[in-house]
Amino acid sequence: MKHYDAVVIGSGVGGLAAGAVLAKNGLNVAVLEKNHCPGGVANSFRRGRFEFEISLHELCGFGPPENPVGSSRRVLDALGLSDRIEWARVPEAYRLITFAEDSPIDAVMPFGTRAFADALESYAPGSRGPAEKAFALAGEIRRALSDLGRASGPEEKRACLLSHPDFLRAAGLSVDEGLRQLGMPERGADIMKGYWAYLFTDCSELSFLHYLNMVNSYIELGSVIPKNRSLELTNAFAGYIRERGGDVLTDSEVTRIMCEGGAVRGVRTRSGAEYAADGVVCNISPLSVYSLLLEEGDVTAFDRKKTNARELSGRGFCVYLGLDRSARELGLENYSYFIYPDMDTASQYRSAGSTATNLIQNTVCQNAADEEASPPGTCILTMTTLFSSDVWGGVAPEDYHAEKDAFAARMISVFEKATGISISHHIEEMEVAAPQTFARYIGSPEGAIYGYKAASWDSILARKLMDGKDSDIRGLYFAGGFGMNLNGYSSAMSSGMDAAERLLGRRDAR
Amino acid sequence: MIFDTDAKTAERDLGKFLSLTRDRLERFEKADPGKPQFPGGVNESQLVLHPGERPFRLLKKETSPNGVLFAHIAPSSGAAPVFRAGQQARVRVRGVTRPVFFASAPGEPPCLGVCVDGQLEAFAFLDALSAGDELTLNAPVGNFYILPPRDGADILLLSDRTGLPAVRSISRAFPPGSPTNLRVFCAGCVPEPFFDSRFTAVPDAGSLPERSGNERVFVCGSDAFSEAARERYSPVFVRSAVTDDPKRDRTELFTCTVFSPEGETAVPCSAGETLLSSLERAGVRIRSNCVDGTCGFCRCRLVSGGVSFRDPEDRDPRRRADIREGIIHPCRVFPDSDIVIEL
């Protein structure tokens, strides 16, 4: 049996980042991918003249080189990959449109904390002050987390926490409560909540700390996309691993994680190949690992209960459009459109449980960031929504295509009505991905693409404070969207680095 | 100071903070201790939609007036295949896999259709099969189908003899009276039993009709026929499904050295055939799916040597990031010299 120091299951961003950091530290590593191409949803596909990015809307946490504070830059800089990717800058933060309320919102929000606060003031007088406080709070949160990381022992931690009362307050608030306590006018709060679909927990429950951290990361540092799609990132990571003697094996679906004496021993693939390993990083859901990959006798009661307690976050539905006119000709001026009926996020989240009532979408025009994203005289528009239930599981196979097509048509219609931009007669290529598509391609439960829900009890802070170990099984770690850092490319990358460091820590300790 | 805090509120907030971990632990302790279950729903649904390779039985063969072989099939077990009209099934025989069109509409008893003469020699095996024989199929595959939100109501569907199976499937999936208005022109064909009032037989590609209004143009046929249709309606976009393997009028033989996780092999390859054809013929284990360049399943790295691409640069089916890495799709390249590839 071939032996590796570490095996990574799944070559999504989290897994590849983990593999790369492990290879950087001299470990002999194998990343095992079930599909024919690495990357998971960090990839693209071709239809006719167009290349469609599957999942990356924008990469946050990647500021200028002189300000390397963001998560994605931290990982890419550490691996020397930042300059190997051709980046395009996203031109503005977002355009938020609400279409089903008495005074609808249509706000274009810029990057830059000052510019953002100014814009917010222009749309919602009285918002500048609270916005500035919010960005200041984000800085304070970063400092508090850093100090907390350095404190050791309960007494030191307690003293540290009490010395950061604003952080302590923020840690216990939802987004709605937090913005209210900062004195944000309702309309300003509505506009500032524009990004909520990126986390897909409603703002009466979503951690203010988590949301603010994410928003600040976008507004302060801006965001980028790789011109050659996320496959460029995937190929860069995979190349890095191979250059250091590691293996990235495709068509290698892991079907069993083997354990002995409460520790991982290795993995087996569908074809029967077995690899011995001292550590295994899982870039797949813990649900998959504990229900499908481990022998029942190897899973402890606590790990069973922990898995059963978790709730899935959004199931993905995307419409990819290749249009036969340029963005300029069609009037597509913005990169990212957040379109919601209104900003009652609790109600919208509930409505997202049914195909009949789900009207939320985030729609991205690739060419607004990169003019050459598609041939001259064309452009790409990608529409994404999420479902808060397994509603697509109830669609019969014989009705699936018709339902998919109808829901996609409705998403297009909502976009046209909300923006006043006409696109339906200019669709040259179109592909639709329902939760079934994601379930097939990345094996995620219910086609969930955002990992576990950031429920109030399962917030990022609660996870980080508590998850000292990934599993009762020694040598088993998790990275990626279902990991500690929740969903998002930047989070997945840093979760991969963190998982690698935990594995290295255990190795050093032995 | 951002919030309005004091010593008392800080202690209260601290209490709330410390309860974060306590509450989470409590949730875990109270949760169902039973074995975690991987969900049904969507995950089971996708298995029905894409069951992977499975055995089918041939029930009956019949040959049409235009020499199309219709093979009526049934799954040896499990549900009937789910597909969109115009899609194909991948049929595997002797290491070579090729897509074969469904000639039936979705929901009808499944039937495949192919012209066994003058096309890919792999299809000759269908000719040799008898009722009761088993064949291995993987369905569905292909992007040649009507998608109403994209295509609207008016479709101009064109085919030569080899495209008749796809045409049969589509015309039956969108029957007269359905919201989709179909006009069908078949070149070089005599009328088939499934032709209806919407069909016109024309002598050749030179007799294709004017496009009416905003009709979307679909063409299924040989490479040459598809190219002729593209030129005929240029600059209007034409959606095409090609029924033959790309070939070149060259006969030189080269050697392709293949590096894979399994080791190193040397494979003879002809300058006149696609690299994929040569690799499959030699028994190399290489993934493939659509065989028209789009899916990228066969992607591999060209380490050295020269190749020609079947597709012009503006229709290169490879992903940009892959082009940068020297990745090729063997189903769409011809070798121009000895080459080395890495799977």
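1. The largest cavity in this predicted model is lined by 18 residues, and those lying nearest its centre are Lys306(A), Arg310(A), Asp467(A), Asp470(A) and Phe478(A). Its volume comes to about 220 Å³, and the count of cavities of 30 Å³ or more is eight.

2. As to the chemical character of that lining, the residues of the largest cavity divide by class into eight charged, six nonpolar and four polar. Among the residues nearest the centre are Lys306(A), Arg310(A), Asp467(A) and Asp470(A), each of which belongs to the charged class, while Phe478(A), also nearest the centre, counts as nonpolar.

3. Which helices each supply at least two residues of the lining of the largest cavity? They are α11 (286-293), α12 (301-309) and α19 (489-509) of chain A, and the largest share, three residues, comes from α12(A). Helix α19(A) deserves a further look, since the next points concern its packing against two other helices of chain A, α2(A) and α1(A).

4. Helix α2 (residues 71-78) of chain A packs against α19(A) with the two axes 8 Å apart and at an angle of about 50°; an angle between 35 and 65 degrees is classed as oblique, and α2(A) and α19(A) are therefore oblique to each other. The crossing in which α2(A) passes α19(A) is left-handed.

5. On the α2(A) side of this contact stand Ser71(A), Ser72(A), Arg74(A), Val75(A), Leu76(A) and Ala78(A), which meet Ser490(A), Met493(A), Ser494(A), Met497(A) and Asp498(A) in α19(A). Sorted by class, the contact of α2(A) with α19(A) holds five nonpolar, four polar and two charged residues.

6. Helix α1 (residues 13-24) of chain A also packs on α19(A), with axes that come within 7 Å and cross at roughly 40°, which makes α1(A) oblique to α19(A). Here α1(A) passes α19(A) in a right-handed crossing, whereas the crossing of α2(A) with α19(A) is left-handed.

7. The contact of α1(A) with α19(A) is made, from the side of α1(A), by Val13(A), Gly14(A), Ala17(A), Ala18(A), Val21(A) and Leu22(A), and from the side of α19(A) by Tyr489(A), Ala492(A), Met493(A), Gly496(A), Met497(A), Ala500(A), Leu503(A) and Leu504(A). By class this contact has 12 nonpolar and two polar residues, with no charged residues, whereas two charged residues take part in the contact of α2(A) with α19(A).

8. Met493(A) and Met497(A) of α19(A) take part in the contact with α2(A) and also in the contact with α1(A).

Notes
Residues are numbered from 1 along each chain as its sequence is written. Chains are lettered from A and ligands numbered from 1 in the order in which they are written. This is a predicted model: local features need pLDDT of at least 70, side-chain atom pairs count only at pLDDT 80 or more; totals for chains, interfaces and linings use all residues. Side-chain values use heavy atoms; hydrogens and water are left out. On a 1 Å grid over the protein atoms alone, a cavity is a set of points where a 1.4 Å probe fits but cannot get out, and a pocket is an open set with protein on both sides within 12 Å along at least five of seven lines; lining residues have an atom within 4 Å of a point. Grid points are joined across faces, edges and corners, and a volume is the space filled by probe spheres set on the points. Helices (H or I, at least four residues) and strands (E, at least two) are DSSP runs, numbered from the N terminus. Axes are lines fitted to C-alpha atoms, for helices over the stretch in contact, and angles run from 0 to 180 degrees between N-to-C directions. Angles under 35 degrees count as roughly parallel, over 145 as roughly antiparallel, 65 to 115 as roughly perpendicular and the rest as oblique. A crossing is left-handed if the near helix is turned anticlockwise from the far one by less than a right angle, and right-handed if clockwise. Contact means heavy atoms within 4.5 Å.
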